[in-house]
Amino acid sequence: MKQLLLLLLSIMLFVSCKQEDKHSHESHDTDKQPETTAEVKKSVRALKEELTQKGFQIFDYVDEETQDTIIMQQYFIAFLKRGENRDQNEEEANKLQAAHLAHLGKMYELGYADISGPFGDDGDIRGITIYNVPTLEMADSLANSDPMVKAGRLRIEIHPWWAAKGFPLR
């Protein structure tokens, strides 16, 4: 079980480093001209229109210090909690864990989930997934399609969660 968790964390770290490396190359591109204020506003407007057309709940505000327009988007955070059915033998539990990790990887690849991971304690809340989808119903459906949830080893508790669009974890 610990090996599978370490594998998941290693994969997430690798993907995170690859994305950070990609973004750092983009930001150091000296051939690009700096964006003008009008281009930035058009970009923010286009992003707002795109998100709204896809059904996402958003609002924006102007950061007093930078004068940048910040778009806040509603995400859905799923708490993966200890389920009622945890009596699987070790082989079955390992198979479910592998299917669980594959499911989370698929959600990430399809763009439905932005981040997932286990907690480091042995509490009732086993981990989280942040879903980047427009509705609670969609997040609930995706979270409940997880093989661990279907088997009853985990159960889901979902809450709407607001975050600034495009801001990285640090």
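This is a short chat about reading aromatic pairs and a surface patch in a predicted model.

Reader: Okay, I see rings in the side chains. What describes a pair of aromatic rings?

Author: Two things do the job: the distance of the centres and the angle of the planes. Now to the case here: the structure holds two aromatic pairs. In one of them, phenylalanine 59 and tryptophan 162 sit 5.2 Å centre to centre, with 50° between the planes, and the pair is tilted.

Reader: Which strands do phenylalanine 59 and tryptophan 162 lie in?

Author: Phenylalanine 59 is in strand S1 and tryptophan 162 is in strand S5 (residues 154–164), so this pair ties together parts that are 103 residues apart in sequence.

Reader: And why is the pair of tyrosine 75 and tryptophan 161 called tilted?

Author: Look at the angle: planes under 30 degrees apart count as stacked, over 60 as edge-to-face, and the rest as tilted. Here the planes are at 55°, so the pair is tilted, and the ring centres are 6.2 Å apart. This pair links distant parts of the chain too: tyrosine 75 belongs to strand S2 (residues 69–82) and tryptophan 161 to strand S5, 86 residues apart.

Reader: Is tyrosine 75 buried or exposed?

Author: Buried means under 20% relative accessible area. Tyrosine 75 has 6%, so it's buried. Its partner tryptophan 161 has 35% relative accessibility, so that one counts as partly exposed.

Reader: What about phenylalanine 59 and tryptophan 162, how accessible are they?

Author: Phenylalanine 59 is at 41% and counts as partly exposed; tryptophan 162, at 36%, is also partly exposed.

Reader: Which residues form the nonpolar patch on the surface?

Author: Phe59, Tyr61 and Trp162 do, with about 300 Å² of accessible area together.

Notes:
Residues are numbered from 1 along each chain as its sequence is written. This is a predicted model: local features need pLDDT of at least 70, side-chain atom pairs count only at pLDDT 80 or more; totals for chains, interfaces and linings use all residues. Side-chain values use heavy atoms; hydrogens and water are left out. Patches are made of residues with over 30% relative accessible area and no salt bridge: like charges are joined within 9 Å, nonpolar side chains (Val, Leu, Ile, Met, Phe, Trp, Tyr) within 5 Å. Accessible areas come from the Shrake-Rupley method with a 1.4 Å probe; for residues, only the protein chains shown count as cover. A salt bridge is a side-chain nitrogen of Lys or Arg within 4 Å of a carboxyl oxygen of Asp or Glu. Buried means under 20% relative accessible area, exposed over 50%, partly exposed in between (1.4 Å probe, protein chains only). Rings of Phe, Tyr and Trp (its six-membered ring) pair if their centres lie within 6.5 Å; planes under 30 degrees apart count as stacked, over 60 as edge-to-face and the rest as tilted. Helices (H or I, at least four residues) and strands (E, at least two) are DSSP runs, numbered from the N terminus.
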